[in-house]
2 protein chains.
Amino acid sequence: MSERDDQHAKDYKELSGAEGQRKIAELAKGIHICMMTTVSTDGELSSRPMAVQDEPFNGVMWFLTRSTSEKVDEIKQDQHVLLTFAEPSDSKYLSLKGRASVSQDRTKIKELWNPMYKAWFPNGEDDPLIAVLKVEVTEGDYWEASSSKLVMMTKYLAAAVTGGEVPVGESGHVLV
Amino acid sequence: MSERDDQHAKDYKELSGAEGQRKIAELAKGIHICMMTTVSTDGELSSRPMAVQDEPFNGVMWFLTRSTSEKVDEIKQDQHVLLTFAEPSDSKYLSLKGRASVSQDRTKIKELWNPMYKAWFPNGEDDPLIAVLKVEVTEGDYWEASSSKLVMMTKYLAAAVTGGEVPVGESGHVLV
């Protein structure tokens with residue numbers, strides 16, 4: 001229940017680099033919708049489901065969205081975003097912190113496009129309202145059920161942010 | 001994909017009062033873990049899974065947590081919290097905005113206590129480290145799958161915040 005105390009749990013690890021990315025990829029796999037939280041100018045938080053690209057996690061997450069949506073305005077004001085992934089049937093919960101930026105890079109839109117997006121953009125990939133949302137993930141935490149209790153299992157830190165230094169955990173510390 | 005555009009969807013509704021609470025209760029039912037997002041002093045967002053009380057939603061959500069946890073410090077600095085509920089198997093996603101406050105009201109702790117909490121507090125309900133986290137929900141949004149597409153179905157506004165006024169939606173507006 002307490003993140004700070006969970007860091008002393010037996011199975012808690014600090015991961016970074018390729019190993020950290022691999023762990024996040026493994027956890028996010030099969031979760032097709034995450035919740036993206038942004039901050040509005042008045043300090044309010046807001047969150048909405050976003051379709052996740054079916055690609056292994058490599059430190060960056062990409063989304064397609066409508067350029068006129070509230071989250072786009074919010075991200076232009078404050079880049080902080082949080083992505084949360086929940087899979088209750090497996091008792092796994094993942095939270096990724098990052099910085100978001102918005103563009104209308106047509107090449108990237110074409111690369112990310114898949115037929116699922118037709119549900120939101122019936123006019124197809126050339127719809128001028130489509131924007132690309134890039135989230136550079138700086139760190140992440142995840143929790144899994146250990147018997148009857150959800151415990152924080154890993155903290156992932158992107159080396160770019162910490163200069164490669166990560167705090168040493170109770171039961172493991174990996175720097176790739 | 002865009003909350004603003006979803007508000008013009010055919011099935012979109014604005015709810016408030018008892019009807020809004022009933023809708024949230026119905027959606028949250030069966031989701032035993034939500035993600036609670038808080039804001040730290042440096043503007044970072046953080047999120048962690050929290051056990052939900054098994055009670056119908058009535059505008060306030062209660063949690064037990066450790067008084068020494070980071071979220072408690074964060075809430076003392078900034079009361080904004082966001083609770084997100086995800087049930088991928090039913091394609092339902094719920095996001096509740098609120099204001100959180102922390103206390104160590106022993107009567108409330110005893111009222112909220114159930115044996116599940118022993119996983120986090122093995123010393124039981126008298127553990128002096130247990131704190132109560134009260135979240136007064138001000139508004140909420142939810143999305144459900146409509147054929148192949150997740151659409152925002154309802155916006156709920158607590159009357160206390162808006163003075164009973166809610167914006168009129170495309171397909172319905174209810175004020176109890």
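# Close-up views of a predicted two-chain model

**View 1. B:Leu45 in its surroundings.** B:Leu45 lies in strand E3 of chain B, and the model in which it is seen here, as in every view that follows, is a predicted one. With a relative accessible area of 2%, B:Leu45 is buried, because a residue counts as buried when that value is under 20%. Once its neighbours within four places in sequence are left aside, B:Leu45 is in contact with residues of chain A, namely A:Thr37, A:Val39, A:Leu45, A:His80, A:Val81, A:Leu82 and A:Lys97, and also with B:Thr37, B:Thr38 and B:Val39 of chain B. A:Leu45, which carries the residue number 45 in chain A, is thus one of the contacts of B:Leu45. By contrast, B:Gly17, which is 28 residues from B:Leu45 in sequence, is 30 Å from it in space, taken from C-alpha to C-alpha.

**View 2. The side of chain B that touches chain A.** In this view 46 residues of chain B are in contact with 46 residues of chain A. The size of an interface is often given as the accessible area lost when the parts come together. For chain B and chain A that buried area is about 4,300 Å², and 61% of it is on carbon and sulfur atoms. The rule for polar contacts finds 2 residue pairs across the interface of chain B and chain A, both at pLDDT 80 or more. Several elements of chain B each supply at least two residues of the side that touches chain A: these are helix H1 (3-6), strand E2 (33-39), strand E3 (45-51), strand E4 (60-66), helix H3 (70-77), strand E5 (80-87), strand E6 (92-103) and strand E8 (149-157). Strand E3 of chain B gives the most to this side, with 7 residues. Sorted by class, the side of chain B that touches chain A has 20 nonpolar, 12 polar and 14 charged residues.

**View 3. A salt bridge between the chains.** The count of salt bridges between chain B and chain A is 2, and one of the pairs that meet in this way is formed by the side chains of A:Arg99 and B:Glu44, with an N to O distance of 2.8 Å. Over all chains, the structure holds 11 salt bridges, and further examples, each within a single chain, appear in the views of A:Lys110 and B:Lys108.

**View 4. The axis that relates the two copies.** Chain B is superposed on chain A by a rotation of 180° with 0.0 Å of shift along its axis, and the RMSD is 0.0 Å. The two copies are therefore related as by a two-fold rotation axis. Within chain B, the C-alpha nearest this axis belongs to B:Ala86, and it is 3.1 Å away from the axis. Both copies use the same surface, since 100% of the contact residues of chain B recur in chain A.

**View 5. A network of salt bridges around A:Lys110.** A:Lys110, A:Glu125 and A:Asp126 are linked in a network of salt bridges. In one part of it, the side chains of A:Lys110 and A:Glu125 meet with an N to O distance of 4.0 Å. This pair links distant parts of the chain, as A:Lys110 is in helix H4 (residues 106-112) of chain A and A:Glu125 is in the loop between H4 and strand E7 (130-146), 15 residues apart. In the other part, the side chains of A:Lys110 and A:Asp126 meet at 2.7 Å, N to O. Because A:Lys110 lies in helix H4 of chain A and A:Asp126 in the loop between H4 and E7, this pair ties together parts that are 16 residues apart in sequence. A:Lys110 is partly exposed, with a relative accessible area of 44%, and A:Glu125 also counts as partly exposed, at 27%, whereas A:Asp126 is exposed, at 52%.

**View 6. A salt bridge within helix H4 of chain B.** B:Lys108 forms a salt bridge with B:Glu111, and the closest N and O atoms of the pair are 2.9 Å apart. The two residues are separated by about one helical turn, because they are 3 residues apart in helix H4 (residues 106-112) of chain B. B:Lys108 is buried, with a relative accessible area of 14%, while B:Glu111, at 51%, counts as exposed.

**View 7. Chain A as a setting for the close-ups.** Chain A has 5 helices and 8 strands, which follow the pattern α-β-α-β-β-β-α-β-β-α-β-β-α along the sequence. Of the 176 residues in chain A, 55% are buried.

Terms used:
Residues are numbered from 1 along each chain as its sequence is written. Chains are lettered from A and ligands numbered from 1 in the order in which they are written. This is a predicted model: local features need pLDDT of at least 70, side-chain atom pairs count only at pLDDT 80 or more; totals for chains, interfaces and linings use all residues. Side-chain values use heavy atoms; hydrogens and water are left out. Contact means heavy atoms within 4.5 Å. Buried area is the accessible area (1.4 Å probe) that two parts lose on being put together, summed over both. A polar contact is a pair of N or O atoms within 3.5 Å; within protein, one must be able to donate a hydrogen and the other to accept it, and residues adjacent in sequence count only if both atoms are side-chain atoms. Helices (H or I, at least four residues) and strands (E, at least two) are DSSP runs, numbered from the N terminus. Ala, Val, Leu, Ile, Met, Phe, Trp, Tyr, Cys and Pro count as nonpolar, Asp, Glu, Lys and Arg as charged, and the others, Gly among them, as polar. Copies are superposed by least squares on the C-alpha atoms of residues with pLDDT of at least 70 in both. Buried means under 20% relative accessible area, exposed over 50%, partly exposed in between (1.4 Å probe, protein chains only).
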